[in-house]
Each structure stands twice: as structure tokens, then as C-alpha cells.
Amino acid sequence: KDSISDYSTGCGNGFTFAGGSPDGLDEAIRRAMKLYQEKDRWSELVRHIMGIDFSWKHSAVDYEEVYSELVDL
């Protein structure tokens, strides 16, 4: 949940589902399979994902921002 955002938002990097239900998982898989059939859009998603920095260096900045906000509460 902290590293994947749903592709349906237009800028996501994967397929998510809420609640952990089998139906939710099934629906997410169906959306992924449907997008896979659209080769241009699928390739666009793959290129987008490959360009994302998932390193701890990047993540550490995000966590530092969260912790800073908590300290200010």
C-alpha cells in the first residue's frame, strides 16, 4: 500500500484492491489483464514503473517527511 498506487488514477504503478477479499483481488487481476491486451498502454505502464526510484534513499526522504509532520502535531 505504501509503494503501489492504482493505475486507474492515470499515474499509478500497479493494481490495488481494498479489503483483501477474493472478489477485490479478482477484479484487480481482471483490470490488469484487460490493460495487458492494450499493448501500447501496457508498454507505457511498464516504462513508467521502470523509471520509478524504489530505493531506500528515496523512501527515506518520504519517511522523514512523515516523521517531521508527526513531530509537529
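Leaving aside its neighbours within four places in sequence, which residues is Asp-6 in contact with? Keep that in mind while you get your bearings; the tour comes back to Asp-6 below.

**Before you click**

You're looking at a predicted model, where local features need pLDDT of at least 70 and side-chain atom pairs count only at pLDDT 80 or more, while totals for chains, interfaces and linings use all residues. Residues are numbered from 1 along each chain as its sequence is written, and side-chain values use heavy atoms, with hydrogens and water left out.

**Stop 1: the whole chain**

Switch to cartoon. The protein chain has three helices and zero strands, running α-α-α from the N terminus on. (Helices are DSSP runs of H or I with at least four residues, strands are E runs with at least two, and both are numbered from the N terminus.) The radius of gyration is 15 Å, well over the 11 Å that the globule rule gives for 73 residues, so the chain is more spread out than a compact globule. That radius is taken over C-alpha atoms, and the globule rule is 2.2 Å times the number of residues to the power 0.38. Along the principal axes, the C-alpha atoms fill a box of roughly 45 × 30 × 20 Å.

Now turn on the surface. About 6,100 Å² of the protein chain is exposed, with carbon and sulfur atoms supplying 59% of it; the areas come from the Shrake-Rupley method with a 1.4 Å probe, and for residues only the protein chains shown count as cover. Of the 73 residues, 15% count as buried. Here buried means under 20% relative accessible area, exposed means over 50%, and partly exposed is in between (1.4 Å probe, protein chains only).

**Stop 2: Asp-6**

Select Asp-6, in the segment before α1. Asp-6 is buried, with a relative accessible area of 10%. Here's the reply to the opening question: beyond those sequence neighbours, Asp-6 is in contact with Gly-12, Gly-14, Phe-15, Thr-16 and Arg-31, contact being heavy atoms within 4.5 Å.

Show the side chains and look for polar contacts (N or O pairs within 3.5 Å; within protein, one atom must be able to donate a hydrogen and the other to accept it, and residues adjacent in sequence count only if both atoms are side-chain atoms). One of 2.7 Å joins the side chains of Asp-6 and Ser-8, and another of 2.7 Å joins those of Asp-6 and Arg-31.

**Stop 3: across to Arg-31**

Asp-6 and Arg-31 also form a salt bridge, their closest N and O atoms being 2.7 Å apart. Arg-31 lies in helix α1 (residues 22-37) and Asp-6 in the segment before α1, so the pair ties together parts that are 25 residues apart in sequence. For a salt bridge, a side-chain nitrogen of Lys or Arg has to be within 4 Å of a carboxyl oxygen of Asp or Glu; by this rule there are four. Arg-31 counts as partly exposed, at 22% relative accessibility.

**Stop 4: along helix α1**

Next, pick Asp-26 and Arg-30. Both lie in helix α1, four residues apart, about one turn of the helix. Their salt bridge has its closest N and O atoms 2.8 Å apart. Asp-26 is partly exposed at 34% relative accessibility, whereas Arg-30 is exposed at 55%.

**Stop 5: Glu-38 and Arg-41**

Finally, select Glu-38 and Arg-41, whose side chains meet in a salt bridge (3.0 Å, N to O). For one last selection, take Asp-6, Glu-27 and Arg-31 together: salt bridges that share partners join them into one network.
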